[in-house]
Each structure stands twice: as structure tokens, then as C-alpha cells.
Protein chains: 2
Amino acid sequence: VTDSYAPPVQRLVTELSKLPGIGNRTAQRLAFHVLRASTQDASALAQAIIEVKEKIGLCEVCFNLTDERRCRICEDPRRDHALICVVEEPSDVIPMERTHEYRGVYHVLGGALSPIDGVDPEDLKIEQLLARVTSAGQADVGPGVAVREVVLATNPTTTGEATALHIAQELRARAPGLTVTRLASGLPVGSDLEYADEVTLGKALAGRRAV
Amino acid sequence: VTDSYAPPVQRLVTELSKLPGIGNRTAQRLAFHVLRASTQDASALAQAIIEVKEKIGLCEVCFNLTDERRCRICEDPRRDHALICVVEEPSDVIPMERTHEYRGVYHVLGGALSPIDGVDPEDLKIEQLLARVTSAGQADVGPGVAVREVVLATNPTTTGEATALHIAQELRARAPGLTVTRLASGLPVGSDLEYADEVTLGKALAGRRAV
């Protein structure tokens, strides 16, 4: 009984199944797709993987992904460099940008505090955020403008909330004049009260606004 | 507003989203995983993709995937080379092997007949199957033994059934003495009659056996 593929196929299945959310069956399906694809398409994928590792690093100011020393947002003079939005991951920048409501810059923490997973404040770019906020006017760590407001846009999860709380405390201690805000929690637009979970509904109630 | 990633990231997302069943959001998630992964892990994946295209070809006898001229099943003298199981794709060989019930060899068609998609008999390895069956004893196309039985194990779908029917007709015309069989259709083991679709249940009834 030969219940495995030839070694190169098996190796590709193994590597593909290391990707998040890709089980063995999906990895097999993807591997067969690669086998059927043209050599050109397959090498475009392989090349894209190699290139992304070679060329992409973190912005020296905000730690977003970039193929330069500083990302395009930090380099953009039309952005409000006195307003910093703090997010957990580089992937959180895109949804913020899609709102078309935000004109400030970012600070990417690289995760959220989670002592249980061994993620402590020094594992995130928190000290670098404090440096950006307190050393305003020093062009080597920022745009040379005094930071006016920090929006804490970590996820509305236990770890995200803990991270926001920790950073808010640090910012209050180190930069007393600074405005520190947090994204509102509440009912998603288009959702139904009937199906809202009690925590979200509680947050929506606590954050109610005059109309 | 910067609602796209740096070009190398965007390129990887584009290439990943060409994979079957991988949408844009999943492609982004996979791209970020590659970015977070070690350079070693990322290049192992890229290398596996390149290697599979370089090293894997089709077995000259059965058209299964192989990294040699002939696949391991065709080269195995303990296999019954007089019994050929005809499947649509290389990925269909593994489930057959997992049954531990099949000791013959295979013939991989490379698809199923589907005139609507432009897949005609000459696009599949049907002529090669007929050659294997009729030229038994010629060592250059087979194991040198006369084929006794061909099991048609194409999928129980419209195209798979049409393919099985077409091949059965060809085999009857070209190799009159040959036994040609088809996998049984019926209720999956462990399933519930209540939820069986009427076509499957009809097949199960038509194929009922004395107990």
C-alpha cells in the first residue's frame, strides 16, 4: 500500500499545512493546484514568498510593514503627525485606512499584552511609542511635531483592552498633557439588537450619546 | 489614504489569492503569516513549490505523479498488474490505497469528459489506457502481463459517469475478453437513510444485494 505521494509532493503538502487554517486536505488540494499550474505561475508564487522576506521590514518610526526605511504613511507630509493611532498588527492599519476618516499616523505594537502567552510590555513596541510621544521635535524618532493625541485602537478583546489600559497609564505618567482616547465599543452598524451579545450591548449602553 | 500594502506584500497577496479556495482575506492572513515566519520556514515553502515543479512528472505507464520515470506502484512487483483501476486525478489514488483493499495498479486519466468545458476523449489518457490493455505483453507500455480486469473508479458525478460509460464502450470494442467493472454507488457507511438524497438512495436500491 502506497498511501503517500512522491517525496517532493509530500514535502510541499507538509510545508503548506504549516500555514494557519490550512489542514492536510486543503494542503493536498493546494499542492495539486501547484502541480497543475504552469511553471511560470508556480515560480511567481515562490518568488513572491522569497521577495517578501527579503524586501519587507518594519518602518523605523511606526513599525508598520515597509520596503523602505520609513513607511509611506510616516513619509507623507499631508498626514497629521501630531495624531497617532496605536494598533496591534500591521494588518490593522488597512481597515483603519479604509474608513477614510483617519488622517493621522500609526504605531504598530506587534501584538497585545498576554502574560499567559509570555507577551510582556517589553515584547511590544510600547517603549518606542513613549519615545515618539515624549521626544517630539527630535526628527530622528518622529516627524518633528509635538504629538497631540494618541488613539488606542487595539482590539476590543481581553488582551487588547489590557494593552490599551497599560499604555494609557504609561502615557499619563510620561506625557501628562497628551490626549489619550480609545475606539468606541458598541453595536456594529447594520446589526440587530436581538442578536447582540450582552457585553457589547452593555458597552453600547455605557457609551450612549445625546442625539 | 493608503489602503494597500507595500508592493512586495501586495504581490504575495495577489499570488496567494490565485490558489483555489483562497480569497483575498485569507491570502492576506497567509501573507502576514509568511512575514512573521522565520526566513528559513518561508524559504522552505518557496523551495518546496519550485522543487515540486522541477522534479514531479507523470508516470510513463499510469500517469500518476512520480519523481522517477515510473511511479512506485507501477514498479512494485507485488502488485497485481493484471488489474487496473481507472481514476480521474492523481489525488484519487491515495483514498483508493487507504482502503487497503486494492492490490492492482492504476491508470490516471487527468480529468473527466466534459464537452461543455472542452474536455474531449483525446484530452484524457484514454488512448493510453486502451494501449495498455490491448498491448499486454509489450514491456514498453506495461508490466508484461495480460490485463484481466479494469475497475472504472471515476467520480459518481455526471462527468465521471459519462467518462466511465465512454471508456467501457471503448474497452468492450477493443478488448472483448476483458472484465470491466464500476465502483458501487449507494449509501455511505455511517450515513442516515433520512438524509440520503433520492439519487443516491435510488442507486442503493438498484444495487441491492442478497444477504
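A helix's expected span is 1.5 Å times one less than its number of residues. I start there, keeping in mind that this is a predicted model.

**Helix α6 of chain B**

I checked the length of α6(B), residues 158-174. With 17 residues at 1.5 Å a residue, the helix should span 24 Å, and its end C-alpha atoms are indeed 24 Å apart, so the two agree.

Next I asked which residues of α6(B) are buried. I found G160(B), T163(B), A164(B), H166(B), I167(B), A168(B) and L171(B). I then looked up what these buried residues pack against: in chain B, the partners are the strands β3 (80-87), β5 (149-152) and β6 (179-182), plus helix α5 (126-134).

**The largest pocket**

I went on to the largest pocket, whose volume comes out at about 450 Å³. Its lining takes in 19 residues, and those nearest the centre are T154(B), N155(B), P156(B), L183(B) and A184(B).

Which helix gives the most to this lining? I noted α7(B), with 3 residues. Both α4 (93-98) and α7 (198-206) of chain B supply at least two residues each. By residue type, I sorted the lining into 8 nonpolar, 7 polar and 4 charged.

**How the two chains relate**

I superposed chain B on chain A: this takes a rotation of 180° with a shift of 0.1 Å along the axis, and the RMSD is 0.1 Å. The copies are therefore related as by a two-fold rotation axis. In chain B, I find the C-alpha of A46(B) nearest that axis, 2.1 Å from it. Both copies use the same surface, as 100% of the contact residues of chain B recur in chain A.

How values were computed
Residues numbered from 1 in each chain as written. Chains lettered and ligands numbered in written order. Predicted model: local features only at pLDDT ≥ 70, side-chain atom pairs only at ≥ 80, totals over all residues. Heavy atoms only, no water. Helix = DSSP H or I, 4+ residues; strand = E, 2+ residues; numbered from the N terminus. Buried < 20%, exposed > 50% of the residue type's maximum accessible area, 1.4 Å probe, protein only. Contact = heavy atoms within 4.5 Å. 1 Å grid on protein atoms, 1.4 Å probe; cavity = no way out; pocket = protein on both sides within 12 Å on 5 of 7 lines; lining within 4 Å. Points joined across faces, edges and corners; volume = space filled by probe spheres on them. Nonpolar A, V, L, I, M, F, W, Y, C, P; charged D, E, K, R; others polar. Least-squares fit on C-alpha atoms with pLDDT ≥ 70 in both.
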